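Biologist: I would like a close look at one part of this protein, the helix nearest the end of the chain. Please start with the whole and then work inwards.

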Amino acid sequence: MRELETLQARFGVALDANDAGSEALGMFVGGSQQAGRRLRIYRGNTLANAARAIEAAYPVIAKIVGVEFFSGLARQYRLRFPSQDGD
């Protein structure tokens with residue numbers, strides 16, 4: 001069970017890393033370029049989902065500042081304050 005926890009922690013760190021070439025790429029099957037592309041897709045999806053969740057929590061602010069600005073703001077918030085929960 002400890003191995004799974006370690007693997008999940010490494011994956012979480014890789015999602016929050018600024019570059020897809022992080023050392024965590026070695027834990028994926030396939031070449032590093034392919035793994036990097038997959039990780040970028042996953043990272044993009046998690047950022048988009050976080051932005052939607054934040055927008056759902058603050059719809060009035062999103063309407064005031066506009067969708068494009070709020071989306072960028074939500075993404076930066078997610079990168080600056082990573083989730084502490086796997087949910």
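Modeller: The accessible surface of this protein comes to about 6700 Å², and 56% of that surface belongs to carbon and sulfur atoms. The model is a predicted one. It contains 4 helices and 0 strands, so read from the N terminus the order of elements is α-α-α-α. Of the 87 residues in the protein, 24% are buried. Among contacts between residues at least 6 apart in sequence, 38% join residues at least 24 apart.

Now to helix 4 itself. Phe 70 is placed in this helix, which covers residues 67–80. With 14 residues at 1.5 Å a residue, helix 4 should span 20 Å, and its end C-alpha atoms are indeed 20 Å apart. The buried residues of helix 4 are Phe 70, Ala 74 and Arg 78. Looking down the axis of helix 4, one finds these buried residues within an arc of 75°, so they line one face of the helix. On the other side of helix 4, Glu 68, Phe 69, Gln 76 and Arg 80 are exposed. The cover over the buried residues of helix 4 includes helix 1, helix 2 and helix 3, the last of these being residues 59–65.

Take the buried residues in turn, beginning with Phe 70. Its relative accessibility is 5%, and because buried means under 20%, Phe 70 counts as buried. Leaving aside neighbours within four places in sequence, Phe 70 is in contact with Ile 54, Glu 55, Tyr 58, Ile 61, Ala 62 and Val 65. Phe 70 and Ala 51 are 19 residues apart in sequence, while their C-alpha atoms are 8.2 Å apart in space.

Arg 78 also lies in helix 4. At 14% relative accessibility, Arg 78 counts as buried. Apart from neighbours within four places in sequence, the contacts of Arg 78 are Asp 16, Thr 46, Leu 47, Ala 50 and Ser 83.

Ala 74 brings in the nonpolar cores. The largest nonpolar core has 6 residues: Ala 14, Leu 15, Ala 24, Leu 25, Ala 35 and Leu 39. Helix 1 (2–16) and helix 2 (32–57) each supply at least two residues of that core. There is a second, separate core of 5 residues, which includes Ala 74 together with Ala 51, Ile 54 and Ala 62. As a general point, nonpolar side chains in soluble globular proteins tend to be buried together.

Helix 2 is part of the cover of helix 4, and it deserves a look of its own. Helix 2 has 26 residues and reaches 37 Å from its first C-alpha to its last, close to the 38 Å expected at 1.5 Å a residue. Its buried residues are Ala 35, Gly 36, Leu 39, Arg 43, Thr 46, Leu 47, Ala 48, Ala 50, Ala 51 and Ile 54. These buried residues of helix 2 pack against helix 1 and helix 4. Among them, Thr 46, Leu 47 and Ala 50 are contacts of Arg 78, and Ile 54 is a contact of Phe 70.

The aromatic rings come last. A search of the whole structure finds 2 aromatic pairs. One is formed by Phe 11 and Tyr 42, and this pair is edge-to-face, with 5.1 Å centre to centre and 70° between the planes. Phe 11 lies in helix 1 and Tyr 42 in helix 2, so the pair ties together parts that are 31 residues apart in sequence. Phe 11 is partly exposed at 22% relative accessibility, and Tyr 42 is partly exposed with a relative accessible area of 43%. Tyr 77 and Phe 81 form an aromatic pair that is tilted, with 5.0 Å centre to centre and 45° between the planes. Tyr 77 is partly exposed at 48% relative accessible area, and Phe 81 is partly exposed at 47% relative accessibility.

Phe 11 also has contacts beyond its ring partner. Setting aside neighbours within four places in sequence, Phe 11 is in contact with Met 27, Phe 28, Leu 39 and Tyr 42. Phe 11 and Leu 39 are 28 residues apart in sequence and 9.3 Å apart in space, C-alpha to C-alpha. Leu 39 is one of the residues of the largest nonpolar core.

To return to the part you asked about: the buried residues of helix 4 line one face of the helix, and their cover includes helix 1, helix 2 and helix 3.

Terms used. Residues are numbered from 1 along each chain as its sequence is written. This is a predicted model: local features need pLDDT of at least 70, side-chain atom pairs count only at pLDDT 80 or more; totals for chains, interfaces and linings use all residues. Side-chain values use heavy atoms; hydrogens and water are left out. A nonpolar core is a set of buried Ala, Val, Leu, Ile, Met, Phe, Trp, Tyr and Cys residues joined through side-chain atoms within 4.5 Å. Buried means under 20% relative accessible area, exposed over 50%, partly exposed in between (1.4 Å probe, protein chains only). Contact means heavy atoms within 4.5 Å. Accessible areas come from the Shrake-Rupley method with a 1.4 Å probe; for residues, only the protein chains shown count as cover. The expected span of a helix is 1.5 Å times one less than its number of residues. Rings of Phe, Tyr and Trp (its six-membered ring) pair if their centres lie within 6.5 Å; planes under 30 degrees apart count as stacked, over 60 as edge-to-face and the rest as tilted. The arc is that of the directions from the helix axis to the C-beta atoms.
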